[in-house]
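Student: Mind if I quiz you on the labels people put on a model like this one? I'd like to hear the reasoning behind them.

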Amino acid sequence: MKTRVLGSSNIRVSAIGLGAMGMDHAYGPQADRVEMKQLLEQAVNWECNFFDTAPGYGEANEQLLGETFKDNREEVVIATKFGVTGLELVDNNPKHKVDSKSESIRQQLDESLKRLQTDYIDLYFQHRIDPEVEPEEVARTMNGLIQEGKIRAWGVSEAPIDYIKRAHKICPISAIENQYSMIYRKYEDEIFKFCEQNNIAFIAYSPLGNGFLSGKYSNNQSFSSDDFRSVMGRFNPEVIEKNQSILDEIIQMSEEKGITPAQIVLSWELHQNPFIIPIPGTTKIERLKENLKSNEVTLSSSEMNHINQVLEKLNIDETFF
């Protein structure tokens, strides 16, 4: 497995990580604990050492990683998050409850440490910004936690660029975690430029477009009511039909190279920029192997140019929710 570095922290991680969210949250019922522990252990056997979780995915998600890695903690790099403390209904729509006050962050961290059965977090993300707390205040708290050895590095998720710049001046950010894929490229200009100029890693969640880019879903696909793709605009039949052209290109190239569409997509991300680290999630061993093997796929300059030219020409619908 090739490796990449989490920005200025110099923490080295596998080029492809594993997002644990779907094991407990958003994609249907909680996955079997024994099976998920085996999957996490197998990921390490296949040289994946980077795992992403959050209290927002359910306390059981951090507990799963804690139980799995308590005896080989030094072999893995764990990213978890603070700032989201629950959900509330606003005009009948669910909305994150956020709290990034210093005392709250410290309490959230202590609770995560307990669930993860560890005394430090490798990478601590602000899951969502708190409009009531200035970025400088959050950054000062992060600096204190780094000095105390409770976290090794910190980052932000889905934060505006001005917020990121202000926070970075106080305590350098090592990673930005945002959604990124062939059908969601809104961060390629300003955020990517900032990452490159400031030695910051970009952690790409939903790199397969919540599975859409795997080519496994048709425009008449149905999802259970506890799977958030059932209400996601990306899986609206009209959006799927509009984006089918990119799938056709991916499938054709994968057939020519004798690999899967998912491997084309993840390899494309790795070739886009050396600071990108995709974290596809899965609950299936065969998908885990497929995803991690993407690290071995080489795309030539001409192949990358072809893919990007096709993407530029297509009228891709970036609808998410």
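Tutor: Go ahead; let's begin with a strand pair. Strand 10 and strand 11 (residues 201–205) run parallel and are joined by five bridges. Bear in mind that this is a predicted model, where local features need pLDDT of at least 70, side-chain atom pairs count only at pLDDT 80 or more, and totals for chains, interfaces and linings use all residues. Residues are numbered from 1 along each chain as its sequence is written, and side-chain values use heavy atoms, with hydrogens and water left out.

Student: What makes strand 10 and strand 11 a pair?

Tutor: Two strands pair if DSSP finds at least two bridges between them. Here there are five bridges, so the definition is met. One example: Asn 178 has Ala 204 in strand 11 as its bridge partner.

Student: And which strand pairs with strand 9 (residues 151–157)?

Tutor: Strand 10 again, parallel, over three bridges. Val 156 is bridged to Ile 176 there.

Student: Why is strand 10 (residues 175–179) called largely enclosed?

Tutor: Because five of its five residues are buried, meaning under 20% relative accessible area with a 1.4 Å probe, protein chains only. Ala 175, Glu 177 and Gln 179 lie on one side, Ile 176 and Asn 178 on the other.

Student: How do you know that Ser 100 is buried?

Tutor: Ser 100 has 1% relative accessibility, so it counts as buried. Its side chain also makes a 2.9 Å polar contact with that of Gln 126; the term covers N or O pairs within 3.5 Å, one able to donate a hydrogen and the other to accept it, with sequence-adjacent residues counting only if both atoms are side-chain atoms.

Conventions: Buried < 20%, exposed > 50% of the residue type's maximum accessible area, 1.4 Å probe, protein only. Helix = DSSP H or I, 4+ residues; strand = E, 2+ residues; numbered from the N terminus.
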